[in-house]
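Biologist: I should like to go through this model with you and ask, term by term, what justifies the words used to describe it. Please show me the structure before we begin.

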Amino acid sequence: NLPTKVTIIEVGPRDGLQNEQSFVDTEVKKKFIRQLAASGIKEMEITSFVSPKWVPQMSDAAEIVQAAPAGARSIVLAPNRRGVDRVLDTASKAVALFVGVSNTFNKKNINKPTKESMKELRPIISELKKKDFFVRACISTAFYCPYEGRIPEADTLSLCREFVEAGVDELSVADTIGMAVPTESFSLFSLIKKELPEPMVTAHFHDTRRTALANIFAALQAGIDRFDTSAGGLGGCPFAPGASGNVATEDVVYMLHRMGIETGIDLNKLREAIDTIAPAISRPIDTGYYQLTGNS
Ligand code: HMG
Ligand code: MG
């Protein structure tokens, strides 16, 4: 019983670029975002309000928000109170908060234990909801942690539940270092859909071991119809060793369209966005669809 329609949440401008060592010109980022929206993408993570000392690539976050395309939900990430205060100084109306199920990973990524992050974020979620924000919760290391290994499903479910009780609109459940396999994807997403039927649930796969497309197929079978993907397969968290690119938007869209599942995305126009970002990044784009259709 597969869905007939899937929502793609493009994370290229944020996850895709945050790990790039040399700074990508702000104007190039803005053009990339505009072209992604023009290809039919309706939801996108465009930047993050994190410490510029930790992630210099995202230091132009406030400027990027000014380029948020009309007609698409532009989401910005924030890790803490300071990040949310910076967001509140902009016109943004959609925030993604992020926390790791793994305590060790959370300390490496956000410099505090998971419990402390949650204590800080709970009142922030109520405040953002009162201010009419769309609030998304990104759940990192939902399957595996580079420091702690396999994460029990019960731990992931329990963190998801905390966010749902705090009032978020969406859970984005992430295989941060691309270690999950389809049986694990099916099992965790079936459990989350059964236990937490209310908010939207999105799957976020990194493709480190090339299992992401298979994991998406398994998640579809578990009832998931929302996927975080990154144009060109860019991406990775700088504080998670082994986190290579996100699953590529173009490969996911190709697969879904061939399966008769609508995404609303025009692959030719998506190529134009990838053509814009390709010269600005340090590695070649090696995704299947992009390679096979030739560089324009
Ligand atoms: P910290 O050093 O513990 O922060 O970092 P602090 O509270 O001690 O403050 C230190 C300095 O940073 C202070 O400035 C603060 O004002 C400033 P100073 O007095 O030194 O001049 N500061 C900030 N500045 C700007 N924006 C802020 C902010 N917060 C503090 N928000 C902090 C704590 C959370 C800031 C740091 O750890 C950080 O920025 N981490 C971000 C890590 C990150 O961006 N990771 C990647 C995104 S998550 C991801 O990719 C996973 C995901 O894709 C899902 C998946 O695949 O798993 C979502
Ligand atoms: Mg990620």
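Biologist: Why are helix 7 and helix 8 called oblique to each other?

Modeller: This is a predicted model, and in it helix 7 (residues 153-166) and helix 8 pack at an angle of about 40°. Angles under 35 degrees count as roughly parallel and 65 to 115 as roughly perpendicular. An angle of about 40° belongs to neither class, nor is it over 145, so the pair is oblique. The axes are 11 Å apart, and helix 7 passes helix 8 in a right-handed crossing. The contact involves Glu-153, Thr-156, Leu-157 and Cys-160 of helix 7, which meet Ser-187, Leu-188, Leu-191, Ile-192 and Glu-195 of helix 8.

Biologist: Why, then, are helix 2 and helix 11 called roughly antiparallel?

Modeller: Helix 2 (residues 26-38) and helix 11 pack at an angle of about 170°. The term applies to angles over 145 degrees, and therefore the two helices are roughly antiparallel to each other. Their axes are 8 Å apart. On the side of helix 2, the residues that meet helix 11 are Val-28, Lys-31, Phe-32, Gln-35, Leu-36 and Ala-38. Their counterparts in helix 11 are Lys-269, Glu-272, Ala-273, Thr-276 and Ile-277.

Biologist: What makes Ala-219 a buried residue?

Modeller: Around Ala-219 there are 27 other C-beta atoms within 10 Å. A residue is buried if 20 or more lie within that distance, so Ala-219 qualifies. Ala-219 lies in helix 9. Leaving aside neighbours within four places in sequence, Ala-219 is in contact with Ser-185, Phe-189, Ala-203 and Ile-224. The C-alpha atoms of Ala-219 and Ser-190 are separated by 7.9 Å, although these residues are 29 residues apart along the chain.

Biologist: What makes strand 8 mostly covered?

Modeller: Strand 8 covers residues 170-175, and six of its six residues are buried. Glu-170, Ser-172 and Ala-174 point one way, while Leu-171, Val-173 and Asp-175 point the other way. In a regular strand the side chains alternate between the two faces of the sheet.

Biologist: How do you know that strand 8 is paired with strand 5 and with strand 9?

Modeller: Two strands pair if there are at least two bridges between them. Four bridges join strand 5 (residues 134-140) to strand 8, and six join strand 8 to strand 9 (residues 200-205), so both pairs satisfy the condition. Strand 8 runs parallel to strand 5 and also to strand 9. Ile-139 stands opposite Val-173 in strand 8, and the bridge partner of Ala-174 in strand 9 is His-204. From strand 8 the chain crosses through helix 8 (residues 182-195) to strand 9, in a right-handed β-α-β crossover.

Biologist: How do you know that strand 3 is paired with strand 2 and with strand 4?

Modeller: The required number is again at least two bridges. Strand 2 (residues 43-48) and strand 3 share five bridges, and strand 3 and strand 4 (residues 94-100) share three, so each pair meets the condition. Both pairings are parallel. Towards strand 2, Val-76 in strand 3 is the bridge partner of Thr-47; towards strand 4, the partner of Val-76 is Val-95. The chain crosses from strand 3 through helix 4 (residues 81-88) to strand 4, and this β-α-β crossover is right-handed. Strand 2, helix 3 (residues 61-66) and strand 3 likewise make a right-handed β-α-β unit. Strand 3 (residues 73-78) is mostly covered, with five of its six residues buried.

Biologist: What makes the sheet a barrel?

Modeller: Eight strands close in the order 1-2-3-4-5-8-9-10, with parallel pairing. The twist averages 25° from one strand to the next.

Biologist: Which strands does helix 10 touch, and which of the residues in helix 10 are buried?

Modeller: Helix 10 (residues 249-258) packs on the sheet and touches strand 1 (7-10) and strand 10 (226-229). The direction of helix 10 makes about 175° with that of strand 1. Thr-249, Glu-250, Val-252, Val-253, Tyr-254 and Leu-256 are buried. These buried residues pack against several elements, including helix 1 (12-18), helix 9 (212-221) and helix 12 (288-292). Just after helix 10, Gly-260 takes a positive phi of about 80°.

Key: Residues are numbered from 1 along each chain as its sequence is written. Chains are lettered from A and ligands numbered from 1 in the order in which they are written. This is a predicted model: local features need pLDDT of at least 70, side-chain atom pairs count only at pLDDT 80 or more; totals for chains, interfaces and linings use all residues. A residue is buried if 20 or more other C-beta atoms lie within 10 Å of its own, exposed if 12 or fewer, and partly exposed in between; C-beta atoms are placed from the backbone. A crossover is right-handed if, with the strands pointing away from the viewer, the path from the first strand over the helix to the second runs clockwise. Axes are lines fitted to C-alpha atoms, for helices over the stretch in contact, and angles run from 0 to 180 degrees between N-to-C directions. Two residues are in contact if their C-beta atoms, placed from the backbone, lie within 7 Å. A crossing is left-handed if the near helix is turned anticlockwise from the far one by less than a right angle, and right-handed if clockwise.
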